[in-house]
Every structure is written in structure tokens, then in C-alpha cells.
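Work through the exercises below with the sequence and the 3D view side by side. Try each task before you read its solution.

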Amino acid sequence: MIRFLRFRRPRLTLNTGLFLAFAAVALALAGPRVAGGLRAQAPPLPTLRPIVGPVTRIVDGDTFWIGEEKIRLWGIDAPEASTPNGPPAARYLAAVAGTHALTCRQAGPPSHDRLVARCLDPWGRDIAEIMVGAGWALDWPAFSKGRYRPAQDRAAALRAGAHAQGAPLWR
């Protein structure tokens, strides 16, 4: 004779049933509000739209304005305007940017109320790479992962820009 194993079927008690019913109703009523509240507390999404336009004001060798947007070039460090190499770096950035429309896309989190971006001129050239290659900015490997290091090495070998002085650079 074959004997079948008996499995006990779990019984649903009155307390468990009431708990599950209350949880379902609470989730249906409060779910959208909770999700909406979490969405409202989330940080704003980064600006992924390109900013296109001519440079309207130069701050220093790596910061400028396009219209109402203050932009800092990603991956490089240029001397501040108050340092000896600051004014020549700013003048060089003004000459590079000219009156052409630049296209800037966000490349990192905002820094001091500035959009950190990679900017290209109308011919597709990277403005940061031009600044480093001319010797008026340095590669910042903590952010660029060495992207502009070859341009910096060429500028140092040619003694271009700030490298011509033979004095220690700003960093």
C-alpha cells in the first residue's frame, strides 16, 4: 500500500487577513504620495542640453560666460585672474573663443555655481585642449584621467605659454 505524505496547508487567521487587507489599502492610498515626495526630494537632473552661443564674458583661463550661463572648462586648470599668468591666459581664451558660437555639454557636476562642460568651437576643436596645448592651462588628471596630458607635454617641450618662464607653474 502506498502512503502519501500529507502537507499541512497554512491557515489564514483572522489577524493575518486583516493585516494584509489593511496593508493593501494603505499602499493603494499612500503609495503615489510617497513616491511623489521622494521624487521631490531628489536632486535635480544634470543639464544635458548643449549650451550654444558666443562667449560674452571671460573670467579667467578656464571660466567664461555664454549668455546667462557661467561655464568652467572640464579637465583643466588655468591660472586665476589675480595671478601673474592669469591675464595672459584669459586673453588667450578670448582669442580662441573669438566671436564664434561654442557648443558646450555638461561633463561633470556643477562647481561653485558653474556648469562644468566640454566645449567645442564650430570646427569641432576642444577648447580645453587648445588652452593646454598653448601652455595657458594644465591637465587636471583627477578629472580628465590624463586626456590632456599629451598636449601639456608638447607645450612644455616647446616652452609655450606659461612654460616659457621656467618658473614653477600655478599648481
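**Exercise 1.** Where is the place of Lys145? Then decide whether Lys145 is buried or exposed.

Solution. Keep in mind that this is a predicted model.
- Step 1: Find helix 4 (141-144) and helix 5; Lys145 sits in the loop between these two helices.
- Step 2: Check its cover. Lys145 has 68% relative accessibility, so it counts as exposed, the cut-off being over 50%.
- Step 3: Look at the backbone. Lys145 is not a glycine, yet its phi is positive, near 55 degrees.

**Exercise 2.** Asp113 also has a positive phi. In which loop does Asp113 lie, and is it buried or exposed?

Solution.
- Step 1: Take the angle. Phi of Asp113 is about 60 degrees, and the residue is not a glycine.
- Step 2: Place it. Strand 6 (101-106) comes before the loop that holds Asp113, and strand 7 (115-120) follows it.
- Step 3: Judge the exposure. A relative accessible area of 77% makes Asp113 exposed.

**Exercise 3.** Lay out the elements of the protein in order along the sequence. How many helices and strands are there?

Solution.
- Step 1: Count the elements: five helices and eight strands.
- Step 2: Read along the sequence. The pattern is α-β-β-β-β-β-α-β-β-α-β-α-α.
- Step 3: Add the overall figures. The protein has 171 residues, and 32% of them count as buried. Its accessible surface is about 11700 Å², with 62% belonging to carbon and sulfur atoms.
- Step 4: Consider the contacts between residues at least 6 apart in sequence. Of these, 55% join residues at least 24 apart.

**Exercise 4.** Trace the pairing from strand 2 to strand 3 and on to strand 4. Which residues stand opposite each other?

Solution.
- Step 1: Start with strand 2 (residues 57-60) and strand 3 (residues 63-66). They pair in the antiparallel sense over three bridges. Two residues make up the hairpin connection between them.
- Step 2: Match the partners. Arg57 faces Trp65 in strand 3. Ile58 has Phe64 of strand 3 as its bridge partner.
- Step 3: Move on to strand 4 (residues 69-73). Its pairing with strand 3 is antiparallel too, over four bridges. Here Phe64 stands opposite Ile71. Phe64 thus appears in two pairings, with Ile58 and with Ile71.
- Step 4: Inspect the turn. The hairpin of strand 3 and strand 4 has two residues between the strands, and Gly67 has a positive phi near 65 degrees.
- Step 5: Look at Glu68, which is in the loop between strand 3 and strand 4. Glu68 counts as exposed because its relative accessibility is 77%. Its C-alpha lies 8.9 Å from that of Thr56, twelve residues away along the chain.

**Exercise 5.** Compare the settings of Ala81 and Gln152. Which class of exposure fits Ala81, and which fits Gln152?

Solution.
- Step 1: Locate Ala81 in the loop between strand 5 (76-77) and helix 2 (86-97). At 43% relative accessibility, Ala81 is partly exposed.
- Step 2: List its contacts beyond four places in sequence: Val59, Asp60, Gly86 and Pro87. Asp60 is 21 residues away in sequence, but the C-alpha atoms are 5.2 Å apart.
- Step 3: Turn to Gln152 in helix 5 (residues 149-158). Its relative accessible area is 12%, so Gln152 is buried, the limit being under 20%.
- Step 4: Find what Gln152 touches. Leaving out residues up to four places away, its contacts are Val132, Leu138, Asp139 and His163.

**Exercise 6.** How much space lies in the largest pocket, and which residues are closest to its centre?

Solution.
- Step 1: Take the volume. The largest pocket holds about 160 Å³ of space.
- Step 2: Go to its lining of 13 residues. Trp74, Pro109, Ser111, Val116 and Phe143 are the closest to the centre.
- Step 3: Sort the lining by type. Nine residues are nonpolar, three are polar and one is charged.

How values were computed. Residues numbered from 1 in each chain as written. Predicted model: local features only at pLDDT ≥ 70, side-chain atom pairs only at ≥ 80, totals over all residues. Heavy atoms only, no water. 1 Å grid on protein atoms, 1.4 Å probe; cavity = no way out; pocket = protein on both sides within 12 Å on 5 of 7 lines; lining within 4 Å. Points joined across faces, edges and corners; volume = space filled by probe spheres on them. Nonpolar A, V, L, I, M, F, W, Y, C, P; charged D, E, K, R; others polar. Buried < 20%, exposed > 50% of the residue type's maximum accessible area, 1.4 Å probe, protein only. Contact = heavy atoms within 4.5 Å. Areas by Shrake-Rupley, 256 points an atom, 1.4 Å probe, with all protein chains shown as cover. Pairing = 2+ DSSP bridges.
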